[in-house]
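The notes below are meant to be read beside the coordinates, one point at a time. They deal with charged pairs, with the contact between the chains, and with cysteines.

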Amino acid sequence: MSFQTAVFYAFSLILVLAALRVITARNPVHAALFLVLAFVTAAGIWMLLEAEFLAITLVLVYVGAVMVLFLFVVMMLDINLDRLKEGYWDYLVPAGVVAVVMLGEMAAVLVGKQLGAEAMPAPSPKPETYSNTKELGKLIYTEYVYPFEIAAVILLVAIVAAIALTLRRRKDTKYVDPAAQVLVRRSDRLRIVSMPAEVAAPAAPPEKAAP
Amino acid sequence: MTLTSADFLPVWPEILLLAMVCVILVADLFLKDSQRGGTYAMTLLTLAACALVTAASARPDVTFAFHGMFVDDPMSDTLKIMVYLAVGAMLIYSRSYVALRGMYRGEFFTLVLFATLGMMVMISANHFLTLYLGLELLSLSLYALVALQRDSAASTEAAMKYFVLGALASGMLLYGVSMVYGATGSLHIPEVASRIAAGKANMTILLFGLVFVVAGLGFKLGAVPFHMWVPDVYHGAPTAVTLLISTAPKLAAFAFVIRILVEALGNKALFVEWQPMLMMLAVASMALGNLTAIAQTNLKRMLAYSTISHMGFLLLGILSGTINGYSAAMFYVAVYALMGLGTFGMIMALSREGFEADQLDDFKGLNRRSPWHAFVMLLLMFSMAGVPPTVGFYAKLSVLQAVVDAGQLWLAVVAVAFSLIGAFYYLRIVRLMYFDEPVDTHPIQSDGVARLLLSVNGLAALVVGIVPGWLMALCQRAMQASL
């Protein structure tokens, strides 16, 4: 067994265990952290496949941005775990039967010679000067520019939808309008009243301390 | 590897629409609530301009652009113009409805236009990636539109169900597509077809992928047994959005199915595999849709089940596997969009502030309240049921003809039997309108343009039924030139 195969199996084992813990962990924060572990090990496997750019993007985008946001949300929401677990055991048996049957059927097709090493031989290794990122960039901005632009439009829709669904101006909320705040002049806040100068009464002479 | 102006010319309608959405998005910020009519007018003008550009640039041959990602053929031009018409009519019908429900905001219009763009991308896609991205663009806009009425618990629930099941369906579809890629080594539709034809594809993997692709398509069309989301979403969404979901996206879904099943996986070896799958979906949809619709008391829910049965009919046309069958299916989906527009438009015309008019009882005695509205609804219901001489009859007839020509006589018999059962609940509405006492006695308040369009829509169901030849010829020409 070569070193690479050993690394592959180690990563795969961690990935499967982490993925299992994502759905079995009681605490949602733990589940999210296991998902981070799953992403990082998946990135490791991609690295073995020589897909360096994708591996780094997975860590940067999913672990760095998506999961951090996800953790924020999980921590801010008050999730009632007992309600989530309600009916878990009732659904487990039928769902388990369906899952096992589906898994068996899929394995019957996919395991074996259809997608094995003979049917899908490994590509020849690339020269050292080959840059994964550069090649992907070339493809995205030439051949795939149309789908790329549509993906950008989808992100725009996500922004519009998120704002449309969450931005609301209630009449009874008290909020600060920065524009109005900036426009305030001194005269709006501060009134200078001119008064005749008051002559302070001379202080009473200190009484002599009692001996 | 460079893009030339020849790449941009066929995509001109999409570029125009996207540019105009951005303009509307920004311009709307500067409009006060009382000036929202400006956004409405700009949206309609954009659709009209896109229709003009599409019609002007329509060519009788097939053009590819953007490295084969995009295809411009007569089928896409025809379907796109139908989509513009359906979306435009939806905006006109729903103007006062959305205004009374606090949804008359800029986002409503931009999301509708984004959904339209998604449909156009789907219709013109020539690559599995583009197909999928167009579908997601459409779906995301629709999820947001369903949830737009934030204070309604029913809308939020409908949006949630739509979103979760839609994501599941996308997952299935993508898994199937990844298998197609594994088997053929390409996602480019003509390339996939040619590799299958040359025998260079792994058929076991391909079949495995095909099952998931058909399941994903079944979800998106709302065919039984993947229909669970349809009634809840139709019922829970604001009627304006239900109208949008039930009309224009069906046209895009038709193109989607044709591109995947016929253009990419239409090889004889695969056709004999997906034909029985579609047969099961079609028969189950017609049976469950028509039987369950009888038990409904809510009109929107009833129409949801009726949609399921109509999708079964649409699949009949596609599974016959001939050009005639595909054109009959295209004719059917166009006619279905016309009828759906009218029926949901009627529900919105009868609604008012705080009243939805979506119960069957709300239609009782409509003839006493407004004979013309009752007559238009009668035409639409006759058309839905397939009573001659309305257009629904001709649509059903042409699909059945294609099925019989394909040698599936028993399917045609089953389809006729379920249509007869289906006629019961459509004609029940006619009975309620003409023979029952009105429950609701408020005067009908709808704006003049919507009322005029509703009359045109109802009469179109009759007139196109009397002279269906031109529309049928249009569909036939489009399919012949494109496949």
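Which residues are linked with Lys161(B) in a network of salt bridges?

1. Please keep in mind throughout that this is a predicted model. The network in question joins Lys161(B) with Glu157(B), Asp232(B) and Arg301(B) through salt bridges. Within this group, the side chains of Asp232(B) and Lys161(B) meet at an N to O distance of 3.0 Å. Because Asp232(B) sits in helix H10 (residues 229-236) of chain B and Lys161(B) in helix H7 (residues 153-184) of chain B, their pairing ties together parts that lie 71 residues apart in sequence.

2. As to the surroundings of that pair, Asp232(B) has a relative accessible area of 24% and is therefore classed as partly exposed, and Lys161(B), at 30% relative accessibility, is classed as partly exposed as well. Both values fall between the limits of 20% and 50% that bound this class, so neither residue is counted as buried.

3. A second pair deserves a separate look, namely the salt bridge between Glu14(B) and Lys80(B), whose closest N and O atoms are 2.9 Å apart. The two residues belong to distant parts of the chain, with Glu14(B) in helix H2 (residues 12-27) of chain B and Lys80(B) in helix H4 (residues 74-100) of chain B, a separation of 66 residues. Glu14(B) has a relative accessibility of 4% and counts as buried, and Lys80(B), with a relative accessible area of 1%, is buried too; since the class requires a value under 20%, both assignments follow directly.

4. The salt bridge of Arg36(B) with Asp28(B) has its closest N and O atoms 2.7 Å apart. Here again both partners are buried, Arg36(B) at 7% relative accessibility and Asp28(B) with a relative accessible area of 10%. In general terms, side chains of opposite charge can pair when their charged atoms come close. Over all chains, the search of the whole structure finds 14 salt bridges.

5. How many salt bridges are counted between chain B and chain A? The count is 0, although 39 residues of chain B are in contact with 25 residues of chain A. The two chains bury about 2,800 Å² between them, and 79% of this area is on carbon and sulfur atoms. Polar contacts across the interface amount to 2 residue pairs, with both residues at pLDDT 80 or more.

6. On the side of chain B that touches chain A, at least two residues each are supplied by H2, helix H5 (106-123), helix H6 (128-146), H7 and helix H9 (203-221) of chain B. The largest share, 8 residues, comes from H6(B). Sorted by class, this side of chain B comprises 25 nonpolar, 8 polar and 6 charged residues.

7. Finally, the cysteines: a search of the whole structure finds 0 disulfides over all chains. For Cys22(B), which is in no disulfide, the nearest cysteine sulfur is that of Cys50(B), 13 Å away; because a disulfide would need the sulfur atoms to lie within 2.5 Å, this pair does not qualify. Cys22(B) counts as partly exposed at 32% relative accessibility, whereas Cys475(B) counts as buried at 0%.

How values were computed. Residues are numbered from 1 along each chain as its sequence is written. Chains are lettered from A and ligands numbered from 1 in the order in which they are written. This is a predicted model: local features need pLDDT of at least 70, side-chain atom pairs count only at pLDDT 80 or more; totals for chains, interfaces and linings use all residues. Side-chain values use heavy atoms; hydrogens and water are left out. A salt bridge is a side-chain nitrogen of Lys or Arg within 4 Å of a carboxyl oxygen of Asp or Glu. Helices (H or I, at least four residues) and strands (E, at least two) are DSSP runs, numbered from the N terminus. Buried means under 20% relative accessible area, exposed over 50%, partly exposed in between (1.4 Å probe, protein chains only). Contact means heavy atoms within 4.5 Å. Buried area is the accessible area (1.4 Å probe) that two parts lose on being put together, summed over both. A polar contact is a pair of N or O atoms within 3.5 Å; within protein, one must be able to donate a hydrogen and the other to accept it, and residues adjacent in sequence count only if both atoms are side-chain atoms. Ala, Val, Leu, Ile, Met, Phe, Trp, Tyr, Cys and Pro count as nonpolar, Asp, Glu, Lys and Arg as charged, and the others, Gly among them, as polar.
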